[in-house]
Amino acid sequence: VVLVVDFGAQYAQLIARRVRELHVYSEVVPARDALAFVRSRRPAAVILSGGPASVYAPGAPGLAPEVLEANVPILGICYGAQLMAQQLGGVVEHGGSGEYGRTVIERTDERAHLLPPLRGEAPETVWMSHADAIVAPPEGARVVASSAGAPVAAFEDPARRRFGVQWHPEVSHTPGGMELLGRFLFDVVGLEPRWTSFSIIEQAIAEVRSTVGDGRAICALSGGVDSTVAAALTAEAIGDRLTCVFVDTGLLRSGEAEQVEHLFRSQFDIELIVVDAADRFFDALAGVTDPEAKRKIIGELFIRIFEETAASKTNATHLVQGTLYPDIVESGSDGSATIKSHHNVGGLPDDVAFTIVEPLRRLFKDEVRRIGVELGIPESFVWRQPFPGPGIAVRVLGEVTAERVETVRRADRIVQDELDEAGLSRSLWQAFAVLAPGLRSVGVSGDARTYDAPVIVRAVESEDAMTADWARLPWEVLDRISRRIVNEVPGVNRVVYDVTSKPPGTIEWE
Ligand code: XMP
């Protein structure tokens, strides 16, 4: 395993994904847990991430000196490189004007191990984002590149296998970035590219087998790629001791419950129980307006329904969930801030009656899709848009009622149909409608005054849901969506388009 030490969430996950794209397994841990990880897991290499702090800021995350002395190859990136310089006898200068975005670097030493060979005369560009700058490298290291604002843009100490770069090799705006990471992992550390779909599948199956033992498992099926892949992996591991349960919460998109059931039964030889629980969800949500409260209620009711189903129908001892790596990081279970309680992680009550099995908990979405294809799961599952566990409940702002959910469904159907028609669905991470029933505006319909709620249309592009950008949909498509929604959906007299990226927004509205 390659350890990525996290000094500021967003950066670290991206580094871990890049390492895995090079077919090397990597995990992310917050800086304060780095030493424990190094001692217990003996990583083959350590990468220190960037981060928003200055190494001089009070309370800035530090690194246990033992990590640097552990005789493990280390690559520091941005803040990570500055921290190495600061802790290993170099000098970091505080408060310069910094460099942001595309920056030209110059080689100062041709013996560099990590930098790819120079190509032609074109200036070598990298992507930087720093205020402080290293002005003297760690003791014993030599400077191999510099830029206008970073006298030590890269340093190397090959004897002690310590390397630092001020720029971000993990972002796509640094052209030689992947090559640099590859040189570190393969040439310096000597790793082999073994993390492939095949090895992921094998490991996951072995893990499920040993966790479940002779027990029986029940799998929470949502119809999305995650739970479907989790179910398929579990079925490979334990065969017919797996039962899938699909709970129709009444909070799904129009026609979705029927579609998922039909598709699943026709594609898989796994027992499926469908539970119609719409009334229970609406009862439990009556009068509740707070988004976190809604999420917790839905998460808990889900689990209770599984428990009942398991007790009465399957004798299951284990519950399989399609939780992904980013869900775990974003739910704050590893120490980062809680943004939202995803109902399959943070919303879990403490006293669940099952042992939880999460075969995908170490995987990113693109890895799950790849192994889904490898396992022969049909495209309609693999490329399905992500849909949140709490469903339309987090797309009705405020109290959830059956009528409001129906309004969202109708609007959502129009959004999906028009995007399909325009051939845009596959290029979007998600597109959906949100209802703001507490917000009303005056409109005119025919000759009559209306005073109704708006529908918010949201469409985003994203690689992993950690960051997202609003989609630049063609005006004509937005126009058709808007006209159809106000004409066809009762109680809605206005359509607005959400032009907020994540961060600072999130993808869902609640
Ligand atoms: P946010 O709104 O946090 O969403 O930017 C990121 C991605 O996660 C989905 N999402 C969820 N998925 N359970 C899930 O399984 C949840 O509770 C949940 N909340 C949000 C969201 O649709 C987006 O793709």
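1. Let's start with a residue on the outside. E69 is exposed, because just 11 other C-beta atoms lie within 10 Å of its own and 12 or fewer counts as exposed. You'll find E69 in the loop between α3 (65–68) and β4. Another thing to try in your viewer is the pair E69 and I105: 36 residues separate them along the chain, and their C-alpha atoms are 29 Å apart. Keep in mind throughout that this is a predicted model.

2. Now for the nine-stranded sheet. This sheet is open, its pairing is mixed, and the strand order is β2-β1-β3-β4-β11-β10-β9-β6-β7. Which strands stand at the edges? They are β2 (26–30) and β7 (124–130); each has a single partner strand, so one side of each has no neighbour in the sheet. On average, neighbouring strands here are turned by 25° against each other, ignoring direction. As general background, strands in a sheet pair through backbone hydrogen bonds, and the pairing can be parallel or antiparallel.

3. Zoom in on one pair of strands in that sheet. Strand β4 (residues 74–77) and strand β11 (residues 162–165) run parallel and are joined by four bridges. If you want one bridge to look at, take G76, whose partner in β11 is G164. Helix α4 (residues 79–87) lies across β4, β11 and β3 (45–48), and it runs at about 115° to β4.

4. Next, the residues with an "active site" label. The label comes from an unreviewed UniProt entry, which lists C78, H168 and E170. They are spread over 93 residues of sequence, yet they cluster in space, with a largest C-alpha distance of 11.0 Å.

5. Two of these deserve a closer look. H168 sits in the loop between β11 and α5 (177–188), and E170 is in the loop between β11 and α5 as well. Is H168 buried or exposed? H168 counts as buried because it has 22 C-beta neighbours inside 10 Å. E170 is buried too, with 26 other C-beta atoms within 10 Å. Leaving out residues up to four places away in sequence, H168 touches G50, I77, C78, W127, S129 and T174. With neighbours within four places set aside, E170 is in contact with L14, I15, R18 and G177.

6. On to the inside of the protein. In soluble globular proteins, nonpolar side chains tend to be buried together. The largest nonpolar core here has 140 residues, and V5, L48 and C219 touch the most other members. Helix α7 (residues 225–238) gives this core its largest share, nine residues. As for L48, its contacts beyond four places in sequence are V5, F7, L63, I74, G76, I77, G80, L83 and M84.

7. There is also a five-stranded sheet to find. This one is open with parallel pairing, in the order β14-β13-β12-β15-β16. At its edges are β14 (271–276) and β16 (355–357), each pairing on one side only. From one strand to the next, the twist averages 30°. Three bridges join β12 (residues 217–221) to β15 (residues 318–320), and these two run parallel. A217 stands opposite H318 in β15. Helix α7 packs on this sheet and touches β12, β13 (242–248) and β15, with its direction at about 160° to that of β12.

8. Helix α7 also carries part of a "binding site". That label is from an unreviewed UniProt entry, listing S222, G223, G224, V225, D226, S227 and T228. V225 lies in α7, and D226 lies in α7. V225 is buried, with 24 other C-beta atoms within 10 Å, and D226 counts as buried with 24 C-beta neighbours inside 10 Å. Residues up to four places away aside, V225 touches V368, R369, G372, F381, V382 and R384. On the same terms, D226 touches G322, L324, L360 and V368.

9. Last stop: helix α14 (residues 402–421). Its 20 residues reach 28 Å from first C-alpha to last, close to the 28 Å expected. Its buried residues include R404, V408, A411, V415 and L419. What covers the buried residues of α14? The list includes β17 (430–435), β19 (448–461), α15 (475–488) and β21 (492–497). After α14 comes G423, with a positive phi near 70°.

Technical notes:
Residues are numbered from 1 along each chain as its sequence is written. This is a predicted model: local features need pLDDT of at least 70, side-chain atom pairs count only at pLDDT 80 or more; totals for chains, interfaces and linings use all residues. The expected span of a helix is 1.5 Å times one less than its number of residues. A residue is buried if 20 or more other C-beta atoms lie within 10 Å of its own, exposed if 12 or fewer, and partly exposed in between; C-beta atoms are placed from the backbone. Two residues are in contact if their C-beta atoms, placed from the backbone, lie within 7 Å. Two strands pair if DSSP finds at least two bridges between them. Axes are lines fitted to C-alpha atoms, for helices over the stretch in contact, and angles run from 0 to 180 degrees between N-to-C directions. UniProt positions are given in the numbering used here, feature names are shortened, and annotations may be inferred rather than shown by experiment. A nonpolar core is a set of buried Ala, Val, Leu, Ile, Met, Phe, Trp, Tyr and Cys residues joined through C-beta atoms within 7 Å.
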